[in-house]
Structures are given as structure tokens and as C-alpha cells.
Amino acid sequence: MKKEIFIDKLCERAKIKGIEEYEVFFLSNLSLGVKVYEEKIENLTNNQNQGVSFRCKVNGKMGYSYSESLNEEDIDFLIDEAVSNGNCIESDDEQFIYGEKHQYKKLNTYSKALDNLETKDIEEFLISMEKYAKSLDSRIEKVSYCYFGLGSGEVIIKNSKGLNLSNQGNVAYTFISVVAKENDIIKTDSEFIVSRDFSKFDYQKIAEGAVRKAIAKLNVQKSNILPEKVIIENLAFSSLLGAMSNIFSADAVQKGISLLKDKLNQKVASSKFTLIDDPHLENGFGSASFDSEGVPTEYTEIIKGGILSTYLYNLKTANKDKVKSTGHASKGGYKGTIGISTYNLYVKSGEKTFDELVKEIGEGILITDFAGLHSGLNSISGDFSLAGEGFLIKNGKIQNALNQITVAGNFFQLLNDIEEVGNDLRFSLSDIGSPSIIVKGLKIAID
């Protein structure tokens, strides 16, 4: 059955059964992945799935159900299962079906040309990128990973309060990792791009970026420097921020697992630090005009000039704090329950270029990457001890690579110890972005 017909019939049947408050949530996903190795397709995946969830109020409780199929017999199952589940819920948390009338911002989140991209064009692009990377320097031993991914999806929300929303989106990315070897030193590095415009996938530029970074690491020297200040490069800080992003969730705050509890309108970071979540960011790959409850999304300054301005709310958590939802409800698929997540989370750019940051620090360390974020970072306390990669900075210039760096500190203290923010904002593959920053007070050990 076509999804539109199924959704309409499901709503009609819910009315007939006397259910006053209900919501239908439909989600479809298509993912394409192509990996080449030694100028041949090594792996090609093409996955598609869709499903629908139904939730309704039952004696003040919210019952859930879902189905992967959209057949006539699934309609009664969804309603009856949701009612049955609602009768079993013991939690006193009030949940809501959204029905306020709002204007939703029109966003360009879909490219038809991208969905019509031919596999042969992707294969040709990847093989060209792999060959070009190998040709750039004799020290490139191999291309260890050369991949193109494409994801597209559609979401529809329809409920008993008159809400009827839909959105279609897609995005593509490519990633290349190379191995450089000189004498007994072996180093790897990578580069990527994310876009809805395949014409922006310049295989030469992407390959050159990965090779340049890997080759730079081969010039390894030992150093006994104990730096007062370090530069954390944009993507490295993005990864650290991403691992800590749950601290801004009102759900985490209300459960007492975020140290930002009771910190609203207080200083929690350097005055040079502003943290933004912008679901309307032009060309943002997490952009959306409504959240998973149908609430309109909005530009949100979470931290402004070091002051914590807001937590991130869905309807349930907003009701607990007697505030408006910030439009951050999320679902991890049609089977998922309502949670909280960000869209395009990023640190606002400063004015200084990356080269100006390097010159300003004079002598110190540039950290280009963190490893072990899942094991070496406590996302509740903020304490971390992480392996890192980076370079020595001397006389205001980047010098040799450092072999093994251990970086220890506390994320909450780090935010307060930021001394400068650059203007080289870049987003990671996870829709989290940052410029490079100068920070003091980290404990650095170099082997």
C-alpha cells in the first residue's frame, strides 16, 4: 500500500476506535556505499528500509507501536499494540502530541541529481582519486580506504491535532585514507568532503589533502617541550565536542548526569566561546525545519560569550522545566522513542586565521587528532586522557611531527581556558563543527 494511503487509513481507523490523541511517524531510508581497492570495486552496498510508528494517549500514558510493512492488516495491529503498551506504562512522565499552528522554514535539503547519480560515475571518481593519491609521492605506500557514501530519506508526521508535515533529504560524502612510509616510519592520514553537489567532489583536491597530511607526519622528532598553550585543530576539537554534546540535553540535566545542571545564565566557558545549533544552516547536512515531534526548529545559541543560555528540549523535558521546546526532539529511526539531539552544532568562528593562531602561540603544540574518545573520556565528569597526534610549534611556525602525545584535562575546564578562537570553521562527518582554538592548562606528555 502506498504510504500516503496507509497513513490516512491509519488515522481514520484511530478515530473510529475512539482514540482522541495520536500520531503517525513514517520514515524511509536509502543508503548506497561504494568502496574501491586497487582500482576495482571491493564492496558495494545498497540498503533500503522504511517503517511507520504509531503513538497515542491511553489514560494519560503514551503507548507506542511500529511496523516495517504497510499492509491493511498492519493498521489494527499498530493501534491495538500501542493501546496495549500504553496500559502497561508505569512512568509518570507526561508526553505530548504537538498541535500548535506555526510557519515552518523552507529549506533545501534534497538534490534530485544526487539521487540520480550512476554507480559507474561513482566508481570512476573513486578509482581516479585512488590512482591520483598514489601518484603524488613515492612515499605513499598504499591507499587503505577509498569510499563514497550516499544517504537519502523521507519523514512524514501526521497527527490528530492537524499536523501534516513531510520532508525529503539526501547527502553524499567521500573519504580517503592513505599510508605513507619512509625508512621505518609509517603514518596514515585522511581527507573527506560532504555535499549535496557531486560537482564539488574534486578528487585531486581531496587526495592531495590526505597525502599532504600523511607525508608531514613522517618528519618525526622527539621533544621535551612542556607547553603552556596548545592549538587544538578544528576537526580535533569537533570530535571532542561531539563526544561531550549530550551535556547540553535537558534530559541529561534533569537526570543529574550533566554538570551543567543549575548553570543557566552563568559563565561556563571563555568569553570568546559561543556555541550554536543552527537547524536552518544553508547547506548544513543536519538541517531540518521540524523535529521528530513536529515542533518547528530554531536557531539556538546554547552558550553565548561564555554564558550558558539554554538547554536543548523536546516537549517532555520542556514541560518539566515549564519552558518552550527548543525543537530538538529526535528519534533513532521509526522504532525509536523520543530523545534529544542536535542538528548543525558548531563553535562560532573568531577573527584570526589559523596561521595567526600559530604565530600567536609562538612555541607550543598543534594537536591535529584525538584517539580513544570512547574509552579515554568520561562524558559525565568531563575528565579525559587521550592519545593525540600533532606537531611542534616553534618560533611561530609549525615544525616537525611528534610521535606520541598524551593529552589530559577536563572538558569543562578546557572551555574556560580557551584563549582564542580561529576563523577556520569546519564540520566533521557528524554535523559538528569548530574552528581551531588556543587553550591553556592541558597536561601534555610526549614520548
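## Two sheets, a helix pair and a buried valine

Three bridges connect strand 8 with strand 9 (residues 300-304), and the two strands run antiparallel. The model is a predicted one. This briefing covers the sheet that holds these strands, a second sheet, a pair of packed helices and the surroundings of Val268.

**Sheet with strands 8 and 9**

- Six strands make up this open sheet, in the order 10-9-8-13-19-18, and their pairing is mixed.
- Strand 10 (307-308) and strand 18 (426-427) are at the edges; each has a single partner strand, so one side of each has no neighbour in the sheet.
- Within the pairing of strands 8 and 9, Leu275 stands opposite Ile303 of strand 9.
- Helix 6 (residues 234-244) packs on the sheet and touches strand 8, strand 13 (345-347), strand 18 and strand 19 (432-434).
- The direction of helix 6 makes about 135° with that of strand 19.

**Val268**

- Val268 is located in the loop between helix 7 (250-254) and strand 8 (275-277).
- Is Val268 buried or exposed? Val268 counts as buried because its relative accessibility is 10%, and the cut-off for buried is under 20%.
- Apart from neighbours within four places in sequence, Val268 is in contact with Leu260, Lys263, Ile303, Gly306, Leu308, Phe412, Leu415 and Asn416.
- One of these contacts, Ile303, is the residue of strand 9 that Leu275 stands opposite.
- Gly305 is 37 residues from Val268 in sequence, and the C-alpha atoms of the two are 9.5 Å apart in space.

**Antiparallel sheet**

- Another open sheet has six strands in the order 3-2-1-4-5-6, with antiparallel pairing.
- Its edge strands are strand 3 (61-67) and strand 6 (185-195), each of which pairs on one side only.
- From one strand to the next, the twist averages 20°.
- Strand 1 (residues 22-37) pairs with strand 4 (residues 140-159) in the antiparallel sense over 13 bridges; Val34 has Phe148 of strand 4 as its bridge partner.
- Helix 4 (residues 119-135) lies across strand 1, strand 2 (40-58), strand 4 and strand 5 (164-182), and runs at about 145° to strand 4.

**Helix 1 and helix 2**

- Helix 1 (residues 3-16) packs with helix 2 (residues 72-88) at an angle of about 45°, and their axes are 10 Å apart.
- The two helices are therefore oblique to each other, and their crossing is right-handed.
- Helix 1 makes the contact through Phe6, Lys9, Leu10, Arg13 and Ala14, and helix 2 through Glu72, Asp74, Ile75, Asp76, Leu78 and Ile79.
- By class, this contact has six nonpolar and five charged residues, and no polar ones.

Conventions
Residues are numbered from 1 along each chain as its sequence is written. This is a predicted model: local features need pLDDT of at least 70, side-chain atom pairs count only at pLDDT 80 or more; totals for chains, interfaces and linings use all residues. Side-chain values use heavy atoms; hydrogens and water are left out. Axes are lines fitted to C-alpha atoms, for helices over the stretch in contact, and angles run from 0 to 180 degrees between N-to-C directions. Helices (H or I, at least four residues) and strands (E, at least two) are DSSP runs, numbered from the N terminus. Angles under 35 degrees count as roughly parallel, over 145 as roughly antiparallel, 65 to 115 as roughly perpendicular and the rest as oblique. A crossing is left-handed if the near helix is turned anticlockwise from the far one by less than a right angle, and right-handed if clockwise. Contact means heavy atoms within 4.5 Å. Ala, Val, Leu, Ile, Met, Phe, Trp, Tyr, Cys and Pro count as nonpolar, Asp, Glu, Lys and Arg as charged, and the others, Gly among them, as polar. Buried means under 20% relative accessible area, exposed over 50%, partly exposed in between (1.4 Å probe, protein chains only). Two strands pair if DSSP finds at least two bridges between them.
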